[in-house]
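Here is a short report on how two protein chains sit together. Look at the picture first, then read on.

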Protein chains: 2
Amino acid sequence: MAKATKKSTPEKRSPHQEQLIYERIFDVILDHKLAPGARLTEEALGEIFGVSRTIIRRVLLRLSHEGVVEIKPNRGASVTSTPVADVAQFFEARRVIEGAIMRMAAGRANIYEIDDLRSLVAEEKRYYESRTRGKGLRTSNEVHFRIAALARNEPLADMARQLISRTALIIAQYQDAAQSACAYCDHAALIDALEAGDPDKAEALMLEHIGHIHSTLHLSEESPAVDLFEIFSDEQE
Amino acid sequence: MAKATKKSTPEKRSPHQEQLIYERIFDVILDHKLAPGARLTEEALGEIFGVSRTIIRRVLLRLSHEGVVEIKPNRGASVTSTPVADVAQFFEARRVIEGAIMRMAAGRANIYEIDDLRSLVAEEKRYYESRTRGKGLRTSNEVHFRIAALARNEPLADMARQLISRTALIIAQYQDAAQSACAYCDHAALIDALEAGDPDKAEALMLEHIGHIHSTLHLSEESPAVDLFEIFSDEQE
DNA sequence: GAATTTAGGATTGTATACAACCAAACTGAA
DNA sequence: TTCAGTTTGGTTGTATACAATCCTAAATTC
């Protein structure tokens with residue numbers, strides 16, 4: 001039994017430890033350290049995070065509801081592998097929802113929200129230039145999340161969040177790290193359109209942007225399998 | 001302790017008992033036997049369904065993810081009560097998604113799917129005429145679910161399902177049982193448009209239909225009687 | 001009598017024990 | 001060797017015990 005594990009602080013009932021574990025696992029998946037198809041055993045994850053299977057089980061359930069992992073009865077959880085044939089549907093769905101969101105959000109953002117968005121895009125640019133793929137991808141997601149919030153429609157923003165997360169998984173699976181398109185260029189234009197308050201242009205730019213992302217994917221082949229302890233070991237000792 | 005409980009068959013590991021419990025609870029909520037705000041204690045539900053809190057907990061977690069139930073930390077679960085101010089957002093979101101779905105589904109359904117839909121609407125009509133509200137509402141949902149499937153876009157259909165379920169809860173909360181609009185009239189027209197393969201008309205009819213439902217709600221009376229301060233605010237001290 | 005404290009009961013949160021299950025290695029006969 | 005059946009190790013599924021927390025209401029204080 002490899003004991004190169006590091007447990008988190010053994011706090012009693014920390015309210016968001018579950019959220020933390022959720023994010024750690026999701027991050028590792030987006031960083032492509034856990035490839036699609038990789039198995040996620042409850043015992044191992046529990047040991048890694050210093051927590052019982054009960055918690056891990058809830059986290060996995062949540063991840064599965066988001067479509068990030070698949071749970072098969074009596075067979076456990078593994079990172080979702082999206083068939084090539086399904087990819088287009090996700091991007092089409094994003095066009096529908098985020099297109100509408102742009103229409104609704106145009107001209108509704110105040111100056112602070114616009115500024116926040118711009119600095120976020122600047123941050124995104126730095127990550128991409130320093131080739132930290134996972135971070136860049138997550139920051140890019142955050143940009144889309146915040147734009148979704150500007151439509152002032154919670155349910156629709158929820159839908160967008162789900163699709164964006166799910167799509168990030170697809171991008172991690174099919175996009176070549178080197179050739180990750182300069183998402184931040186498109187993003188700047190999107191924000192400009194929102195500020196200008198032009199719904200038609202805002203929507204058109206988003207449709208185009210989503211098309212760009214889609215077109216950078218290498219829809220051919222994939223995937224290995226790995227050791228959980230090793231993957232999580234380079235983080236906090 | 002009332003022992004008038006009926007347990008399901010005490011099978012060992014029945015795979016969909018969880019699904020069954022999920023549906024039972026949801027049904028009861030749609031039938032308005034559990035009003036918004038009603039608490040759902042794990043122990044009681046476990047005893048009712050002859051199952052341990054572990055299972056109930058998972059069901060409640062799922063219901064909460066669908067937005068049907070709210071879980072507050074250390075406080076347990078209760079039926080979600082949607083504030084009047086939020087209602088419009090849900091219907092707007094449905095317009096966006098189901099409008100797009102109608103465009104995509106127009107002309108794509110084969111004759112069997114159309115037939116199935118029509119017989120489902122006939123069933124719906126019977127339920128409404130016999131004043132069995134819950135059943136009627138659920139059948140109406142089923143019509144929308146199936147239409148969503150016709151767009152041949154799984155992710156979008158998923159989004160639609162979530163919104164439709166969530167909206168059903170809102171309808172149960174705000175719609176007068178007697179005056180429940182004849183949803184099936186609209187439904188028949190929707191199906192006709194799908195069969196004819198006219199995307200513009202299909203979309204327009206769906207937008208109109210959703211508007212109809214929205215307009216039948218009694219949004220003036222604040223039935224979510226949870227906030228005591230609001231309730232007593234306009235009375236004498 | 002009103003406000004604060006404190007005790008009790010009820011409910012949720014987490015860990016763990018054990019049963020059920022699957023998959024892959026093993027056995028032995030054709 | 002090959003194929004059924006069997007065993008075994010590891011993993012998931014469920015129930016339960018106990019700890020942490022919250023809610024109610026009685027009790028104490030002012």
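## The interface

How much area is buried between chain A and chain B, and what share of it do carbon and sulfur atoms give? The area is about 2,000 Å². Carbon and sulfur atoms give 66% of that area. Keep in mind that this is a predicted model. The size of an interface is often given as the accessible area lost when the parts come together.

The contact can also be counted in residues. On chain A, 23 residues are in contact with 23 residues of chain B. Between the chains there are 8 residue pairs in polar contact, with both residues at pLDDT 80 or more. The rule finds 0 salt bridges across this interface.

## Who does the touching

Which elements of chain A give two or more residues to the side that touches chain B? They are α3 (53–65), α4 (84–105) and α7 (154–174) of chain A. The most comes from α4(A), with 8 residues. By type, this side of chain A has 11 nonpolar residues, 5 polar ones and 7 charged ones.

## How the copies are related

Two copies of a chain are related by a rotation about an axis and a shift along it. Here the rotation that superposes chain A on chain B is 180 degrees. The shift along the axis is 0.0 Å, and the RMSD is 0.2 Å. That is the relation of a two-fold axis.

Which C-alpha of chain A is nearest the axis? The C-alpha of A:Met159 is, at 3.2 Å from the axis. The same surface serves both copies. In chain B, 100% of the contact residues of chain A recur.

## Inside one chain

Now take chain A alone. Its secondary structure comes to 10 helices and 3 strands. Along the sequence the pattern reads α-β-α-α-β-β-α-α-α-α-α-α-α. Chain A has 237 residues, and 49% of them are buried. Among its contacts with a separation of 6 or more, 79% join residues 24 or more positions apart.

## A closer look at B:His144

Switch to chain B. B:His144 lies in helix α6, which spans residues 133–150 of chain B. Is B:His144 buried or exposed? B:His144 is buried, because its relative accessible area of 2% falls under the 20% cut-off.

What does B:His144 touch, leaving out residues up to four places away in sequence? Its partners are B:Arg94, B:Glu98, B:Ile164, B:His187, B:Met206 and B:His209. With B:His209 there is a polar contact, side chain to side chain, at 3.1 Å.

How values were computed. Residues are numbered from 1 along each chain as its sequence is written. Chains are lettered from A and ligands numbered from 1 in the order in which they are written. This is a predicted model: local features need pLDDT of at least 70, side-chain atom pairs count only at pLDDT 80 or more; totals for chains, interfaces and linings use all residues. Side-chain values use heavy atoms; hydrogens and water are left out. Contact means heavy atoms within 4.5 Å. Buried area is the accessible area (1.4 Å probe) that two parts lose on being put together, summed over both. A salt bridge is a side-chain nitrogen of Lys or Arg within 4 Å of a carboxyl oxygen of Asp or Glu. A polar contact is a pair of N or O atoms within 3.5 Å; within protein, one must be able to donate a hydrogen and the other to accept it, and residues adjacent in sequence count only if both atoms are side-chain atoms. Helices (H or I, at least four residues) and strands (E, at least two) are DSSP runs, numbered from the N terminus. Ala, Val, Leu, Ile, Met, Phe, Trp, Tyr, Cys and Pro count as nonpolar, Asp, Glu, Lys and Arg as charged, and the others, Gly among them, as polar. Copies are superposed by least squares on the C-alpha atoms of residues with pLDDT of at least 70 in both. Buried means under 20% relative accessible area, exposed over 50%, partly exposed in between (1.4 Å probe, protein chains only).
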